[in-house]
Amino acid sequence: MTGYILRRIVQAIPVLIGITLASFLLIHLVPGDPARIILGARATPQAIADLNHQLGLDRSLVAQYGDFVGGAVHLNFGESIKQNTAIGPLLGSRIGVTLFLLLYAVIISIIVAVPLAIVSALRRNRPADHGIRLFSMVTFAMPSFLLGLLLILFFSLKLGWLPTAGYGDTLSEHVKSLTLPAITVGLYLAPILLRTLRVGIIETLGTEFVEAARARGLSERRVVLKHVLRNSLISTVTVLGLNVGFLLSGLVIIENVFALPGMGSELVNAILARDYPMVQALTLIFGVAVVMINLLTDLIYAELDPRVRL
Amino acid sequence: MMSRRNGAAAVALIAALVLAACGGSSKSSSTNAGSQADNAAAGTPKSGGTPKTGGTLVFARSLDAEAGLNPINAPNNGSIFTIQQIFDQLVEVDGNKLAPGLAESWTHSADAKTWTFKLRDAKFSNGSPVTAQDVKFSIDRFADPKINTNYATLGSSIGTIKVIDPKTVQIKLKEVDGAFLENIAMFAAAIVPKAVVEKIGDKAFANKPIGSGPFLVDKYQRREETVLKRNPYYWRKGQPYLDEVQFKFVPDANTRTLELRSGQVDVADGIPYNQVNSLKGASGLKVEVADSLKWDSIFFDTKKKPLDDVKVRQALAYATPTDQILKTVLFGNGQVANSQIPRVKYWDESVKPYPFDPDKAKQLLSQSSAPSGFNLELQIPSGDAVEKQTAEIIKDEWGKIGVKVNIVPRDFGTMFSDWLSGKGGDAATFPGDALSSDTLSDDEIAALMYDPKAGLSSLGTFYDNPKVTQLLKDAKGTIDDNKRRQDFSQVQTIGMQDVPSVPLFFTKSVSAYRDKVNNFQTYPIGWWPLREVWMGS
């Protein structure tokens with residue numbers, strides 16, 4: 001198992017280099033001038049040239065990329081051009097918000113998806129199944145900014161249970177603040193899991209070992225929860241891993257709606273300002289996170305299905 | 001299989017990056033759909049009652065002070081509006097006019113080249129007194145283009161500064177400057193403590209600023225919140241009334257409104273025009289539609305054919321239905337502009353705006369160098385609903401006189417750089433809040449608009465009329481207010497005839513607040529004198 005993990009980590013290095021190189025080239029290819037954006041509309045061409053020199057943006061791309069890689073190895077990401085401060089400490093707090101939100105959303109989506117998928121599969125093509133599938137279609141199709149606002153309207157404005165926006169200062173405030181955003185993301189994620197899991201359960205229910213288990217007189221409850229669910233989860237875990245990686249960069253809208261100081265809105269802000277060092281740092285962090293999540297997914301996969309480890 | 005999955009994730013991430021980079025801002029400015037708002041009175045009447053000391057004001061803002069809190073080179077309103085709560089200038093902005101700030105009084109020599117300022121007794125928030133040395137240090141920095149890279153042109157007339165005694169400073173000007181007092185009243189000329197800035201440097205000062213203004217910085221978390229506390233040493237006795245101001249960064253306009261409705265914040269700025277009416281009807285809320293130094297225009301590249309022909313530009317001005325756009329897009333929250341620059345000090349009300357007159361437009365075009373019409377590329381900032389809707393209406397109307405408009409939305413940062421270097425389209429609009437005057441005098445914004453040598457190529461129009469540049473020079477070279485007023489009025493008149501840009505609107509700033517907030521006010525220059533705000537029950 002250790003060898004397997006090590007192998008996977010080594011495999012991830014070229015992927016990370018590829019991601020940072022591609023994003024570095026892309027952001028430099030997009031026209032736009034960070035100096036103009038920082039100095040504002042009034043700056044003279046001379047002031048812009050001076051700032052570009054000061055930021056080292058007038059050097060070759062190779063030299064700039066070399067600097068970035070050199071710094072990143074020492075976890076030194078330099079300074080944000082737009083925010084005029086060191087990137088490391090700034091992103092430290094952002095990562096926490098985003099990971100907390102993601103984890104919270106995944107838990108909510110599992111709590112919603114697993115029982116509904118079981119019911120849906122066992123009652124296939126009956127009213128309960130249709131109802132559940134309709135529900136999942138609606139929450140999946142609803143744009144997150146709309147769902148988020150509706151949740152705020154109901155839970156914050158009408159009932160006054162939860163804060164409208166922001167992140168708060170203490171752990172309990174964080175949990176409260178993140179509840180509505182996590183439900184919003186969770187309700188997007190749940191239908192994806194639900195559908196995969198439903199199909200998985202239906203397929204597994206038709207296999208011979210389930211027949212065998214039933215024939216040996218195991219209770220239906222035990223058959224479903226112990227044998228069917230475990231075997232159906234394999235594809236669902238893969239789907240979850242892929243989607244979490246994707247969501248990581250897709251939390252921008254949610255973070256905007258709920259005014260959360262997370263990494264998604266930071267990334268968009270940095271891209272619009274052509275804040276090259278910040279974009280690079282964030283891309284690298286996102287890249288590492290996606291690779292880690294995939295690794296974690298594969299480990300769970302291997303745990304669920306020992307054949308993978310061979 | 002495993003590496004393929006990593007690859008897919010990488011592709012997804014890069015796709016997201018590209019989309020975000022090309023798609024423009026997700027924080028589009030106000031969207032408009034809903035009922036029509038009537039034109040609200042500008043400004044807020046001061047509420048009655050005796051001010052009460054104490055309380056916290058929670059303020060949801062559309063912009064954050066993410067670029068730091070150092071007055072020198074503060075690049076955007078997110079930072080500037082916070083800085084103005086922390087710092088003082090020698091002369092202060094008080095609504096539409098100037099008032100004594102850290103300088104109690106001042107005199108000038110007969111030739112208006114030597115100005116002497118008497119300082120009042122004031123202290124910085126660290127307890128040390130504001131001295132003539134601090135003033136010399138701060139104004140020297142303001143005038144130094146190496147330090148004040150963004151705004152030094154506004155201090156270019158400043159020569160030597162002499163400390164006469166600890167409470168008296170003398171500023172000698174290189175040449176007479178009609179806008180000198182307005183210029184040293186801007187944020188970048190804030191008085192900073194010499195000892196602190198020299199000790200910790202500009203970078204650290206941007207995170208831990210010390211000023212003599214009504215509030216001091218208690219907590220500063222970029223893109224999250226900035227908490228200000230009362231400066232116990234503030235020189236205005238009894239002010240500020242508030243113990244604390246919490247600026248919360250809430251980028252989404254709908255969320256800001258909901259925060260205000262749910263009572264979690266007391267004030268919200270950047271309210272979309274289409275929500276003005278529904279907020280006015282809500283109980284416990286007040287809406288402020290305030291005059292601003294912002295404006296909206298369609299700029300022409302006057303070097304390009306056939307836009308180099310003044311008849312063509314006039315024809316397009318006559319073909320622009322400003323009243324209709326004001327009603328349908330801005331919901332009446334603005335004023336049809338009769339000038340190419342915003343309403344600053346010397347705005348002349350008597351100059352006529354262009355009426356919507358398609359017949360006249362057709363006639364002018366038929367006499368021009370492009371009698372049978374032409375194609376025109378109009379670049380607009382992407383993700384900005386107001387600019388998009390405006391452009392669509394204009395496309396329709398200009399099409400009727402034979403000018404075929406091609407609307408090209410672009411990321412504003414890129415578009416603006418291209419536009420200034422003459423590599424943009426034939427015409428362009430900017431977001432409503434992209435440009436505004438930083439001073440209470442017309443000199444700054446008029447030079448940017450009409451003087452190609454002021455650094456921005458006449459805002460990318462490449463407009464160059466020697467008569468206008470001479471008038472601007474004349475106005476700057478005197479402190480005779482009547483003379484200045486006449487000069488600027490002439491500039492406005494000639495500008496309207498030459499139409500390097502079609503003026504659309506003087507726009508408004510919309511904020512809303514809970515009715516327990518007293519004395520809330522947005523100055524035309526954009527920020528709020530929060531020292532005067534007090535909380536009722």
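Two strands are taken to pair if DSSP finds at least two bridges between them, and on that footing B:Val289 stands opposite B:Val510 in strand S17 of chain B. The model described here is a predicted one.

**Strand S17 of chain B and its partners**

Strand S17 of chain B spans residues 501–514, and it is mostly covered, with 14 of its 14 residues buried. Strand S12 of chain B, residues 285–300, pairs with S17(B) in the antiparallel sense over twelve bridges, and the facing residues B:Val289 and B:Val510 have already been mentioned. Strand S13 of chain B, residues 334–336, is likewise antiparallel to S17(B), to which three bridges connect it; here B:Gln335 has B:Phe506 of S17(B) as its bridge partner. Strand S11 of chain B, made up of residues 267–268, runs antiparallel to S17(B) and is joined to it by two bridges, with B:Tyr513 of S17(B) serving as the bridge partner of B:Val267. In a regular strand, side chains alternate between the two faces of the sheet.

**Helices H12, H15 and H16 of chain B**

Helix H12 of chain B, residues 412–420, is largely enclosed by the rest of the structure, because seven of its nine residues are buried. The buried residues of H12(B) are B:Phe412, B:Gly413, B:Thr414, B:Met415, B:Phe416, B:Trp419 and B:Leu420. After H12(B) comes B:Gly422, whose phi is positive and near 75 degrees.

Which residues of helix H15 of chain B are buried? Within this helix, which covers residues 466–476, they are B:Val468, B:Leu471, B:Leu472, B:Ala475 and B:Lys476. Viewed down the axis of H15(B), these buried residues fall within an arc of 135 degrees, so they line one face of the helix. On the other side of H15(B), the residues B:Pro466, B:Lys467, B:Gln470 and B:Lys473 are exposed. The cover over the buried residues of H15(B) includes helix H13 (443–450) and helix H16 (481–498) of chain B.

The axes of H15(B) and H16(B) come within 9 Å and cross at roughly 160 degrees. Angles over 145 degrees count as roughly antiparallel, and therefore H15(B) is roughly antiparallel to H16(B). On the side of H15(B), the residues making this contact include B:Val468, B:Leu471, B:Leu472 and B:Ala475, while those on the side of H16(B) include B:Phe488, B:Val491 and B:Ile494. The crossing in which H15(B) passes H16(B) is left-handed.

**Backbone features in the loops of chain B**

Two peptide bonds that precede proline are cis, and two residues other than glycine have a positive phi. The table gives each with its angle.

| Residue or bond | Feature | Angle |
|---|---|---|
| B:Gln239 to B:Pro240 | cis peptide bond | omega near -5 degrees |
| B:Lys305 to B:Pro306 | cis peptide bond | omega about -5 degrees |
| B:Ala112 | positive phi, not a glycine | phi near 60 degrees |
| B:Asn519 | positive phi, not a glycine | phi about 70 degrees |

B:Pro240 is placed in the loop between strand S9 (225–230) and strand S10 (244–249) of chain B, whereas B:Pro306 is found in the loop between S12 and helix H8 (310–318) of chain B. B:Ala112 belongs to the loop between strand S4 (103–108) and strand S5 (114–119) of chain B, and with 17 other C-beta atoms within 10 Å it is partly exposed. B:Asn519, in the loop between strand S18 (517–518) and strand S19 (534–535) of chain B, also counts as partly exposed, with 19 C-beta neighbours inside 10 Å.

**Chain A**

Chain A has 13 helices and zero strands. Its C-alpha atoms fill a box of roughly 85 × 55 × 35 Å along the principal axes, and buried residues make up 41% of its 310 residues. Of the contacts in chain A between residues at least 6 apart in sequence, 72% join residues at least 24 apart.

Helix H5 of chain A, residues 87–122, holds A:Ser109, and A:Leu91 lies in H5 of chain A as well. Is A:Ser109 buried or exposed? It counts as buried, because 25 C-beta neighbours lie inside 10 Å and the cut-off for a buried residue is 20 or more. Beyond its neighbours within four places in sequence, A:Ser109 is in contact with A:Gly186, A:Leu189, A:Ala190 and A:Leu193. A:Leu91, by contrast, is partly exposed, with 19 other C-beta atoms within 10 Å. Residues up to four places away in sequence aside, A:Leu91 touches A:Ala281 and A:Ile285. The C-alpha atoms of A:Leu91 and A:Pro261 are separated by 9.8 Å, although these positions lie 170 residues apart along the chain.

Note on methods. Residues numbered from 1 in each chain as written. Chains lettered and ligands numbered in written order. Predicted model: local features only at pLDDT ≥ 70, side-chain atom pairs only at ≥ 80, totals over all residues. Helix = DSSP H or I, 4+ residues; strand = E, 2+ residues; numbered from the N terminus. Buried ≥ 20, exposed ≤ 12 C-beta atoms within 10 Å, placed from the backbone. Contact = placed C-beta atoms within 7 Å. Arc of directions from axis to C-beta. Axes fitted to C-alpha atoms, helices over the stretch in contact; angles between N-to-C directions. Parallel < 35°, antiparallel > 145°, perpendicular 65-115°, else oblique. Left-handed = near helix turned anticlockwise from the far one by under 90°.
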